[in-house]
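Good morning, and thank you for the time at today's meeting. Please take a moment to look at the sequence and the structure as they appear.

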Amino acid sequence: VLSPDNKLFFGPHYSESGSYVGQYNAQTRAEEAIAWGPGNRLVVTSAGSFYASDVALTRYSRAENKKIWTVPSNYPYALILAGDLLFAGGSDAVAAFRAADGKRVWKAPVSGRVFDLAVAEKCLFVSTDQGNIYCFKSSEVSKAQSPKGAK
């Protein structure tokens with residue numbers, strides 16, 4: 001993944017010490033581990049990164065090089081950031097988490113393992129390994145963010 005400030009992030013990378021997501025510095029040609037553990041997906045912004053493992057979602061601060069939050073998660077297969085929401089896909093479900101604190105604010109059933117996610121025109125598109133493509137409109141997610149609809 002190439003970040004907005006032209007830094008290259010990679011992973012998961014497997015070494016004798018375990019698996020990690022790293023950052024490559026083109027000037028020094030050095031690699032630096034930024035997250036250890038089995039990981040599946042990575043989203044990088046200029047301020048931080050989001051990391052999906054088999055059992056958790058984690059947000060890291062790039063400026064401070066530290067973990068901001070970690071929440072348990074059953075959504076390890078796909079990850080995308082849209083505005084202030086982090087969407088993650090799992091088996092038979094997709095969910096939205098607030099990027100600020102990791103709180104799950106929305107969940108929807110799908111058939112199959114989420115293969116990939118895309119966001120366009122205020123819609124979330126979800127494809128699964130069963131060949132299904134779903135479209136969720138932003139109003140469905142917005143309702144879930146209100147105090148009465150939050151789950």
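I shall go from the overall content to one sheet, then to its turns, its core and a few single residues.

First, a word on the source. This is a predicted model, in which local features need pLDDT of at least 70 and side-chain atom pairs count only at pLDDT 80 or more, while totals for chains, interfaces and linings use all residues. Residues are numbered from 1 along each chain as its sequence is written, and side-chain values use heavy atoms, with hydrogens and water left out.

Let me begin with the whole protein. Its secondary structure comprises one helix and 13 strands; here helices (H or I, at least four residues) and strands (E, at least two) are DSSP runs, numbered from the N terminus. Read from the N terminus, the order of elements is β-β-β-β-β-β-β-β-β-β-β-β-β-α. The protein has 151 residues, and 41% of them are buried. Buried means under 20% relative accessible area, exposed means over 50%, and partly exposed lies in between, with a 1.4 Å probe and protein chains only. The accessible surface is about 8,700 Å², and carbon and sulfur atoms account for 50% of that; such areas come from the Shrake-Rupley method with a 1.4 Å probe, and for residues only the protein chains shown count as cover. Of the contacts between residues at least 6 apart in sequence, 28% join residues at least 24 apart, where contact means heavy atoms within 4.5 Å.

Now to the sheet. In what order do the strands of the open sheet of six run? The order is E8-E9-E10-E11-E12-E13, and the pairing is antiparallel; two strands pair if DSSP finds at least two bridges between them. E8 and strand E13 (133-137) stand at the edges with a single partner strand each, so one side of each has no neighbour in the sheet. From one strand to the next, the twist averages 30°, an angle taken between N-to-C directions on a scale from 0 to 180 degrees, with axes as lines fitted to C-alpha atoms, for helices over the stretch in contact.

Let us follow the chain through two hairpins of this sheet. E10 and E11 run antiparallel and are joined by six bridges. One bridge pairs Phe 97 with Arg 104 in E11. Five residues lie between these two strands, and in the turn Gly 102 has a positive phi of about 80°.

E11 and E12 are likewise antiparallel and joined by six bridges. Among the bridge partners in E12 are Leu 124, which pairs with Val 119, and Cys 123, which pairs with Ala 120. How many residues separate the strands of this hairpin? There are two residues between them. Glu 121 lies in that loop and has a phi near 50°, a positive value in a residue other than glycine. Lys 122 is in the loop between E11 and E12 too, and its phi is also positive, at about 60°, although it is not a glycine. For context, most residues other than glycine have a negative phi. Glu 121 counts as exposed because its relative accessibility is 76%; Lys 122 is exposed as well, with a relative accessible area of 66%.

We turn to the interior. The largest nonpolar core has 15 residues, and Phe 87, Val 94, Trp 106, Leu 117, Leu 124, Val 126 and Phe 136 have the most contacts inside it. A nonpolar core is a set of buried Ala, Val, Leu, Ile, Met, Phe, Trp, Tyr and Cys residues joined through side-chain atoms within 4.5 Å. Strands E8 (78-82), E9 (85-89), E10 (91-98), E11 (104-120) and E12 (123-128) each supply at least two residues of this core. E11 gives the most, with six residues. Another core lies apart from it and has 14 residues, including Ala 52, Leu 57, Trp 69 and Ala 99.

Finally, two buried residues. Ala 96, in strand E10, is buried, with a relative accessible area of 0%. Its C-alpha atom is 5.6 Å from that of Leu 86, although the two are 10 residues apart along the chain.

Thr 128 belongs to strand E12. Is Thr 128 buried or exposed? Thr 128 is buried, because its relative accessible area is 6%. Its side chain reaches the backbone oxygen of Ser 111 at 2.9 Å. Leaving aside neighbours within four places in sequence, Thr 128 has contacts that include Val 110, Gly 112, Phe 115 and Tyr 134.

Methods: A polar contact is a pair of N or O atoms within 3.5 Å; within protein, one must be able to donate a hydrogen and the other to accept it, and residues adjacent in sequence count only if both atoms are side-chain atoms.
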